[in-house]
Amino acid sequence: MPGTSLPPFPDDVRTHPLLIVDYELIRVGDKEEIDRLWEAATTLGFWYLKNHGADQEVNDMFDVGAETLALPLEERMKFEQGDNGQSFGYKKVGAQAIDGTGKFVDNIEFINVSKDDALAYPRVVHLTYPSTVNARMENTVAPFVRKSLDVTYVVLSIFNDKLGLPEGTLEGLNAMDEHSACEARCTRSPPVPDKAAMDRAMLAAHTDFGTMTILHNRLGGLQVMPPGQDRWSYVRPIPGHAICNIADALSIFSGGILQSNIHRVVPPPGAQAEYERWSLVFFTRPTSSKVLRALVESSPIIADAVKKQPDRNFESGSTAAEWLARRVRNQRINNRRGPDTWIASRGTEHTPTAA
């Protein structure tokens with residue numbers, strides 16, 4: 001597995017503390033733990049999740065990522081995402097802009113596997129994948145997808161109750177058996193020996209596109225910029241803890257009650273910068289045909305929240321598929337036509353020009 005023997009995260013860098021939520025406790029309805037989750041989701045929108053029970057699935061998926069990204073570049077490029085807004089497949093290093101200037105590009109590569117393809121295998125729903133993915137689709141990728149969705153649905157059920165929505169509303173918007181852009185991603189970024197590049201984003205500042213994100217990483221590099229602040233802070237990785245965050249769709253559905261916060265990836269700090277950075281993510285995203293708008297008709301709580309924010313627009317006019325395709329397409333460096341292209345890639349960021 002990538003990154004099994006790594007230096008510790010340093011103590012001399014700026015970090016932002018996250019609340020730690022125990023999955024086993026929220027799963028059985030522990031009120032104190034549920035209140036802790038709600039506090040995290042409605043303030044920063046990020047939290048640690050422990051006792052998620054996915055350690056084996058995570059380790060196996062890191063192996064799939066390592067095997068896939070070790071394939072010759074020529075082979076990987078057969079599955080490259082392209083520039084039309086497609087998210088599934090391989091993304092090569094340097095394919096995305098990292099700010100509005102277009103001066104720099106990302107230095108991260110990853111493989112994205114669709115939830116729909118993983119669960120339907122060997123039937124192809126969206127895309128075909130490298131042989132290393134296909135060989136482990138049923139015994140590794142699909143179990144990771146199912147486990148990630150199980151965890152997500154427990155969290156969504158809690159949010160559903162807190163928002164006063166009819167039972168099953170949020171899960172229904174993110175149904176496992178309906179086509180969506182949900183995907184598993186394994187990422188690799190190289191060591192960064194150049195000190196001048198340490199503060200430069202490897203993956204651009206952004207909010208996530210969908211419903212909820214679950215990140216598993218061993219090295220630092222994730223940074224957040226909390227609302228009301230103008231400086232970036234690292235999120236310290238904790239062994240055995242996932243890092244979860246709210247994404248755009250869920251923030252919009254909730255009328256802004258749930259927070260989709262801006263974040264980015266930079267080189268790991270201190271001695272960790274000398275190592276490859278691997279991460280594994282599961283992105284839950286709504287059914288592709290669902291329109292992203294506040295659920296004001298379904299919840300007086302959400303309706304009241306929207307009324308209190310007259311300066312914000314909770315009617316995106318976009319389906320989940322259109323929202324994602326716009327953002328992915330306009331981040332691609334080949335599609336850049338100037339600063340307006342970068343602006344067109346933005347989501348719910350409170351500081352859309354941050355880099």
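These questions and answers look at aromatic rings in a predicted model.

Student: How many aromatic pairs does a search of the whole structure find?
Tutor: A pair of aromatic rings is described by the distance of the centres and the angle of the planes. Ring centres must lie within 6.5 Å to count. Searching the whole structure on that basis gives a total of four.

Student: Trp38 and Phe159 form an aromatic pair; is it stacked, edge-to-face or tilted?
Tutor: The centres are 6.0 Å apart, and the planes meet at 55°. Stacked needs under 30 degrees, and edge-to-face needs over 60. The Trp38 and Phe159 pair is therefore tilted.

Student: How many residues apart in sequence are the parts that this pair, Trp38 and Phe159, ties together?
Tutor: Trp38 belongs to helix H2, residues 31-42. Phe159 belongs to helix H7, residues 137-162. So the pair joins parts separated in sequence by 121 residues.

Student: What kind of pair do Trp47 and Phe159 form?
Tutor: Their ring centres are 6.3 Å apart. Their planes stand at 90°, and over 60 counts as edge-to-face. So the Trp47 and Phe159 pair is edge-to-face.

Student: Is Trp47 buried or exposed?
Tutor: Buried means under 20% relative accessible area. Trp47 has 0%. Therefore Trp47 is buried.

Student: Which residues do ring pairs link into a cluster?
Tutor: Phe159 pairs with Trp38. Phe159 also pairs with Trp47. The cluster consists of Trp38, Trp47 and Phe159.

Student: Over which ring does the charged end of Lys91 sit?
Tutor: A charge over a ring must be within 6 Å of the ring centre. The charged end of Lys91 is 5.4 Å from the centre. That ring belongs to Phe110.

Conventions:
Residues are numbered from 1 along each chain as its sequence is written. This is a predicted model: local features need pLDDT of at least 70, side-chain atom pairs count only at pLDDT 80 or more; totals for chains, interfaces and linings use all residues. Side-chain values use heavy atoms; hydrogens and water are left out. Helices (H or I, at least four residues) and strands (E, at least two) are DSSP runs, numbered from the N terminus. Buried means under 20% relative accessible area, exposed over 50%, partly exposed in between (1.4 Å probe, protein chains only). A charge sits over a ring if NZ of Lys or CZ of Arg is within 6 Å of the ring centre and within 35 degrees of the ring normal.
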